[in-house]
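Some labels used for protein structures rest on a cut-off, and it helps to see how a value is set against one. The questions and answers below go through several such labels step by step.

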Amino acid sequence: QVQLVESGGGLVQPGMSLRLSCVVSGSIFSIYAMGWYRQAPGKQRELVAGITNGFNRNYTDSVKGRFTISRDNAKRTVYLQMNSLKPEDTAVYYCNARLGSNWLTAKWDWGQGTQVTVSS
């Protein structure tokens with residue numbers, strides 16, 4: 001069974017940085033496109049950033065220039081470096097593999113996520 005373990009969240013002030021990690025176990029990792037998603041209270045889960053197995057990256061417009069997604073296939077880990085955080089980045093952040101070619105469809109069951117709160 002695939003297990004996704006996200007970590008690295010916390011409470012930070014606006015303008016600060018966080019680095020999220022997601023370790024994948026129970027499945028081949030390197031062949032999949034991986035994404036970071038987030039869900040804020042009362043909102044639907046959205047894709048924040050994605051990285052393919054060929055290391056092509058894409059970002060939602062609101063985080064371009066501030067967030068960077070990366071992956072380490074040897075460690076079966078995907079990262080999200082978040083800089084210049086804003087209050088609107090507050091959400092629970094999740095990782096998952098892309099199902100097929102649609103970033104809005106996740107391949108595996110969701111993990112527990114990691115809470116990011118940006119507040120002064």
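A nonpolar core is a set of buried Ala, Val, Leu, Ile, Met, Phe, Trp, Tyr and Cys residues that are joined through side-chain atoms within 4.5 Å. The model discussed here is a predicted one.

Q: Which residues have the most contacts inside the largest nonpolar core, and how many residues does this core have?
A: The largest nonpolar core has 28 residues, and those with the most contacts inside it are Met34, Trp36, Phe67, Val78, Leu80, Met82 and Tyr93. Two or more residues of this core come from each of the strands β3 (18-25), β4, β5 (46-51), β7 (67-72), β8, β9 and β11 (114-118). As a general background, nonpolar side chains tend to be buried together in soluble globular proteins.

Q: What makes the pair Glu46 and Arg38 a salt bridge?
A: The label requires a side-chain nitrogen of Lys or Arg within 4 Å of a carboxyl oxygen of Asp or Glu. The closest N and O atoms of Glu46 and Arg38 are 2.7 Å apart, and because this distance lies within the 4 Å limit, the pair is called a salt bridge.

Q: Why is Arg38 called buried or exposed, and what is Glu46 called?
A: Buried means under 20% relative accessible area, and exposed means over 50%. Arg38 has a relative accessible area of 6%, so Arg38 is called buried. Glu46 has 31%, which lies in between the two limits, and therefore Glu46 is called partly exposed.

Q: What does the salt bridge between Arg38 and Asp89 tie together?
A: The side chains of Arg38 and Asp89 meet at 3.0 Å, N to O. Arg38 lies in strand β4 (residues 34-39), whereas Asp89 lies in the loop between β8 (77-82) and β9 (91-99), so the pair ties together parts that are 51 residues apart in sequence. Asp89, like Arg38, is buried.

Q: How do you know whether Asp61 and Lys64, which form a salt bridge, are buried or exposed?
A: Asp61 has a relative accessibility of 60%, and because this is over 50%, Asp61 counts as exposed. Lys64, at 49%, is not over 50%, so Lys64 is called partly exposed. Elsewhere, salt bridges that share partners join Arg38, Glu46, Arg66 and Asp89 into one network.

Q: Why is Val92, in strand β9, given the label it has for accessibility?
A: Val92 has a relative accessible area of 19%, and since buried means under 20%, Val92 is therefore called buried.

Conventions
Residues are numbered from 1 along each chain as its sequence is written. This is a predicted model: local features need pLDDT of at least 70, side-chain atom pairs count only at pLDDT 80 or more; totals for chains, interfaces and linings use all residues. Side-chain values use heavy atoms; hydrogens and water are left out. Buried means under 20% relative accessible area, exposed over 50%, partly exposed in between (1.4 Å probe, protein chains only). Helices (H or I, at least four residues) and strands (E, at least two) are DSSP runs, numbered from the N terminus.
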